[in-house]
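Please open the model in a viewer and keep the sequence panel visible. The tour proceeds by selection, one stop at a time.

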Amino acid sequence: MTHPEQPVTPSTGELALEDRASLRRVAGLSTELTDVTEVEYRQLRLERVVLVGVWTEGSAADADASLTELAALAETAGSEVLEGLIQRRDKPDPSTYIGSGKAQELREIVLATGADTVICDGELSPAQLNSLEKVVKVKVIDRTALILDIFAQHATSREGKAQVSLAQMEYMLPRLRGWGESMSRQAGGRAGGAGGGVGTRGPGETKIETDRRRIRERMAKLRREIRDMKKIRDTQRSRRLSSDAASVAIVGYTNAGKSSLLNALTGAGVLVENALFATLEPTTRRGEFDDGRPFVLTDTVGFVRHLPTQLVEAFRSTLEEVVDADLLVHVVDGSDEHPLAQINAVRQVVNDVVAEYDIAQPPELLVVNKIDAATDLGLAALRRALPDAVFVSARTGDGLDRLRSRMAEMIPPTDATVDVTIPYDRGELVARVHAEGRVDATEHTADGTRIKARVPMALAASLNEFATF
């Protein structure tokens with residue numbers, strides 16, 4: 001009797017990848033500035049964008065690299081980049097970010113290209129956003145809002161969504177505004193309706209005050225929810241820390257190949273995509289060194305230059321994985337044009353986290369990934385600049401054995417292999433070996449119980465006198 005073939009159920013990672021690919025911006029949405037609130041405004045989708053950056057320090061190449069990264073962020077959010085402009089200034093203009101004259105030029109470029117959104121490469125104050133928007137007459141957002149938008153698209157877990165919502169609200173609250181007169185309307189008096197009666201008339205709250213109050217209430221609720229979810233994560237982390245497995249955290253710039261490396265080292269099936277911020281929730285998988293010692297490897301959220309402070313605060317649970325690690329595997333994209341700048345950006349965030357918790361920084365192992373996509377000249381320069389780094393390709397597997405051995409070297413063993421014969425009158429030692437170690441073989445002999453096991457160093461020292469030769 002033949003059975004019909006069972007449909008193959010795609011893995012969670014494959015489904016997530018399909019969903020990600022299918023979620024694309026809908027073309028043709030109007031993004032004219034109308035009488036809408038900020039909350040409604042956030043629902044409008046980015047479409048055709050012009051990028052604007054202010055070059056205040058560093059070289060021209062640095063300024064170009066920053067705008068190129070902004071273009072990659074915009075495309076990840078689903079936008080079509082039409083033009084990129086950089087202005088050389090000592091500091092951003094306090095009123096319109098780029099100055100009134102350049103703002104007029106930007107308006108002309110927006111009209112010529114048909115763009116509906118301007119994205120600025122920096123965090124703009126509420127006044128700068130408002131002033132620039134009035135000149136260019138299309139929606140203006142800054143780098144922070146763009147990164148928050150990407151995080152909002154990619155968050156999948158309940159905790160991740162709550163963290164992103166909280167970060168968005170913290171960013172939005174001081175920038176809350178309306179176009180037209182919607183936010184200055186008052187709910188009291190006759191505007192409140194004739195049915196209110198005595199005690200309900202008067203100035204009342206303006207609409208912007210009502211929205212601010214509601215957002216603060218929602219933020220307080222989200223903080224409580226995240227605090228409750230953090231307790232669960234802390235319990236899981238404490239279990240890992242109390243186990244005999246070494247803790248390794250993978251950190252690095254966004255899209256450096258951290259998830260690919262996790263899959264290659266542990267055989268996990270974590271979602272991998274060539275996109276910025278594909279990983280937002282920390283993923284932990286178990287692996288073993290060549291000598292049999294277990295370790296847990298945690299994939300963390302990627303960093304980026306000028307990571308919004310709201311996100312650093314909201315994703316504290318992810319960053320805590322860095323604090324508890326025995327080793328940081330710092331992954332660098334070897335095919336990137338400016339890998340050293342990425343390294344500095346990641347180290348800055350890690351240093352801030354470590355300083356906040358007032359702990360010693362875990363040892364760091366630099367791993368240059370994507371060597372199969374890098375040029376020979378670029379790799380040669382990196383080998384000179386980073387002599388202690390391990391060069392690998394998570395895609396082809398090249399260099400992974402070397403990486404495993406380096407990881408094992410940098411995490412000293414916390415246990416030792418023993419082969420001992422414990423006298424029968426020392427049963428408490430046998431019990432300790434079973435409770436604290438990992439027993440491989442047991443044999444009852446005339447002299448006592450012979451045990452081969454891996455046990456903590458302290459216990460191994462107390463068992464030396466019973467070693468079997």
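Select Lys370 to begin: with a relative accessible area of 21%, this residue is partly exposed, a class lying between buried (under 20% relative accessible area) and exposed (over 50%), computed with a 1.4 Å probe on protein chains only. Lys370 sits in the loop between strand 9 (364-369) and helix 13 (376-385); helices (H or I, at least four residues) and strands (E, at least two) are DSSP runs numbered from the N terminus. Its phi is near 65°, a positive value in a residue other than glycine. Most residues other than glycine have a negative phi.

The model is predicted, so local features need pLDDT of at least 70 and side-chain atom pairs count only at pLDDT 80 or more, while totals for chains, interfaces and linings use all residues. Residues are numbered from 1 along each chain as its sequence is written, and side-chain values use heavy atoms, leaving out hydrogens and water.

Next, select Lys137, in the loop between helix 5 and strand 4 (139-142). Lys137, not a glycine, also has a positive phi, of about 60°, and counts as partly exposed at 48% relative accessibility.

From there, display helix 4 (residues 100-113) with helix 5 (residues 126-136): their axes are 8 Å apart and the packing angle is about 50°. Helix 4 is therefore oblique to helix 5. Axes are lines fitted to C-alpha atoms over the stretch in contact, with angles from 0 to 180 degrees between N-to-C directions; under 35 degrees counts as roughly parallel, over 145 as roughly antiparallel, 65 to 115 as roughly perpendicular and the rest as oblique. To see the contact (heavy atoms within 4.5 Å), show Ala103, Gln104, Leu106 and Arg107 of helix 4 against Leu132, Val135 and Val136 of helix 5.

Move on to helix 6 (residues 143-154), whose end C-alpha atoms are 17 Å apart, in agreement with the 16 Å expected for 12 residues at 1.5 Å a residue; the expected span is 1.5 Å times one less than the number of residues. Of those 12 residues, 10 are buried, including Leu146, Asp149 and His154.

Finally, add helix 7 (residues 158-172), whose axis comes within 10 Å of that of helix 6 and crosses it at roughly 160°. The two helices are therefore roughly antiparallel to each other. Their contact joins Thr144, Ala145, Leu148, Phe151 and Ala152 of helix 6 to Val164, Ala167, Gln168 and Tyr171 of helix 7.
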